[in-house]
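Below is a short exchange between a reader and an author about one structure. The sequence and the model come before it.

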Amino acid sequence: MLFEKLQKAREDKDAKAHRALFHDDHEFISHKQNKVFKKSEGSEEQTLEMFNNITEDKVRCIYENDEILVTHRFNTYASGDKEALMMVSLKKDGLIWRTETGATEM
């Protein structure tokens, strides 16, 4: 399943492998920033920067099937801010297609 592949790419800080798991039409909906980010707007360098600026803890898969992936984790950001993060991703063609999150500041 995709969860294990995502985690492996993050652990290895392999931005290319990580980005390959996202559909070309991927959209990340940020309610906090009131913006939609598209895969085409990002780069491997930005993905690597994310890996280097976010420490993830207690990452777990809540549920995954052929249509959806639901995860939970605790993130600590370079700024020192901490969040509990629920991430829900819809799948298309076996890849992550649309992602929304719910974050609680810690």
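The exchange goes from the whole chain to one aromatic pair.

Reader: What kind of model is this, and how are values taken?

Author: Residues are numbered from 1 along each chain as its sequence is written, and side-chain values use heavy atoms, leaving out hydrogens and water. Local features need pLDDT of at least 70, side-chain atom pairs count only at pLDDT 80 or more, and totals for chains, interfaces and linings use all residues, since this is a predicted model.

Reader: Which pattern does the protein follow along the sequence?

Author: Helices (H or I, at least four residues) and strands (E, at least two) are DSSP runs, numbered from the N terminus. The protein has three helices and six strands. Read along the sequence, the pattern is α-α-β-β-α-β-β-β-β.

Reader: What is the radius of gyration of the protein?

Author: The radius is taken over C-alpha atoms, and the globule rule is 2.2 Å times the number of residues to the power 0.38. For 106 residues the rule gives 13 Å, and the protein comes close to that, so it is as compact as a globular protein of that length; its radius of gyration is 13 Å.

Reader: How much of the protein counts as buried?

Author: Buried means under 20% relative accessible area, exposed over 50%, and partly exposed in between (1.4 Å probe, protein chains only). Of the 106 residues, the buried part is 32%.

Reader: Where is Phe 28, and which residues is Phe 28 in contact with?

Author: Phe 28 sits in strand β1, residues 22-30. Contact means heavy atoms within 4.5 Å. Neighbours within four places in sequence aside, the contacts of Phe 28 are Lys 35, Val 36, Phe 37, Thr 99 and Thr 101.

Reader: Is Phe 28 buried or exposed, and what about Phe 37?

Author: The relative accessible area of Phe 28 is 26%, so Phe 28 falls in the intermediate class. Phe 37, at 28% relative accessibility, counts as partly exposed.

Reader: How many aromatic pairs does the count come to, and which class does the pair of Phe 28 and Phe 37 belong to?

Author: Rings of Phe, Tyr and Trp (its six-membered ring) pair if their centres lie within 6.5 Å; planes under 30 degrees apart count as stacked, over 60 as edge-to-face and the rest as tilted. By this rule the count is one aromatic pair. The ring centres of Phe 28 and Phe 37 are 6.4 Å apart and their planes are at 45°, so the pair is tilted.
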